[in-house]
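The following exercises concern burial, polar contacts, salt bridges and strand pairing. Please work through each task with the sequence and the model at hand before reading the solution.

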Amino acid sequence: MSVVKINVLTVPAEQREVLEKRFASRAHAVENSDGFEWFELLRPVEGTDQYLVYTRWRDEESFQAWMEGPMKAAHQGGGEGGGEGGERPKPAASGSTLWSFDVVQQAGPKGA
């Protein structure tokens, strides 16, 4: 079965809108990746400053190929640095943790 990757992003309140706009501007960046199955950006409702970036992949190899290719290129952009010259904007998140899961059971609506 599939694998799920959840990137837990700590996002200060003043950066929430920035984060959401950045994800919206590259909303389709992952959709054509081999093995990609699903994406969701989950906004915290109360009690936390952590967004969850949920992705589902056919297998670990598909996720790793995306990490080493399109994702790496998108996040490196103009190289390292803090945006001098305007190339790389400051990260909206102040921290990040990656959780990994194997899907062992799943269900959907009947008749779908």
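**Exercise 1. An arginine and its partner**

R56 counts as buried, because its relative accessibility is 18% and the cut-off for burial is under 20%. The model examined here is a predicted one.

Task. Determine with which residue R56 forms a salt bridge, and where the two partners lie.

Solution. Step 1: the salt-bridge partner of R56 is E37, with the closest N and O atoms 3.0 Å apart. Step 2: R56 belongs to strand β3 and E37 to strand β2, so the pair links distant parts of the chain, 19 residues apart. Step 3: E37 is partly exposed, with a relative accessible area of 34%, whereas R56 is buried.

**Exercise 2. A serine before the first strand**

Task. State whether S2 is buried or exposed, and identify the side chain with which the side chain of S2 makes a polar contact.

Solution. Step 1: S2 is located in the segment before β1 (3–10). Step 2: the relative accessible area of S2 is 8%, and S2 is therefore buried. Step 3: its side chain makes a polar contact of 3.3 Å with the side chain of R56. Step 4: with neighbours within four places in sequence set aside, the residues in contact with S2 are E37, R56, W57, R58, D102 and V103.

**Exercise 3. Salt bridges of helix α1**

Task. Find the salt-bridge partners of K21 and E20, and describe where each pair lies.

Solution. Step 1: a search of the whole structure yields six salt bridges. Step 2: one of them joins K21 to E17, with 3.0 Å between the closest N and O atoms. Both residues lie in helix α1 (residues 16–25), four residues apart, about one turn of the helix. Step 3: K21 is exposed at 55% relative accessibility, and E17 is likewise exposed at 52%. Step 4: E20 meets R43 in a salt bridge of 2.7 Å, N to O. Because E20 lies in helix α1 and R43 in the loop between β2 (36–42) and β3 (50–57), this pair ties together parts that are 23 residues apart in sequence. Step 5: E20 counts as partly exposed, at 23% relative accessibility.

**Exercise 4. A serine in helix α2**

Task. Describe the surroundings of S62: which side chains make polar contacts with its side chain, and which residues beyond its sequence neighbours are in contact with it?

Solution. Step 1: S62 is found in helix α2 (residues 60–76) and is buried, with a relative accessible area of 5%. Step 2: the side chain of S62 makes polar contacts with the side chains of R58, at 3.1 Å, and D59, at 2.7 Å. Step 3: apart from neighbours within four places in sequence, S62 is in contact with D34, G35 and W57. Step 4: D34, R58 and D59 are joined into one network by salt bridges that share partners.

**Exercise 5. Pairing of strand β1**

Task. Establish how many bridges join β1 to β3 and to β4, and in which direction the paired strands run.

Solution. Step 1: eight bridges join β1 to β3, and the two strands run antiparallel; for T10, the bridge partner in β3 is Q50. Step 2: eight bridges also join β1 to strand β4 (residues 95–102), again antiparallel; for N7, the bridge partner in β4 is L98. Step 3: β1 is mostly covered, since seven of its eight residues are buried.

How values were computed:
Residues numbered from 1 in each chain as written. Predicted model: local features only at pLDDT ≥ 70, side-chain atom pairs only at ≥ 80, totals over all residues. Heavy atoms only, no water. Buried < 20%, exposed > 50% of the residue type's maximum accessible area, 1.4 Å probe, protein only. Polar contact = N/O pair within 3.5 Å; in protein donor to acceptor, adjacent residues only side chain to side chain. Contact = heavy atoms within 4.5 Å. Salt bridge = Lys/Arg side-chain N within 4 Å of Asp/Glu carboxyl O. Pairing = 2+ DSSP bridges.
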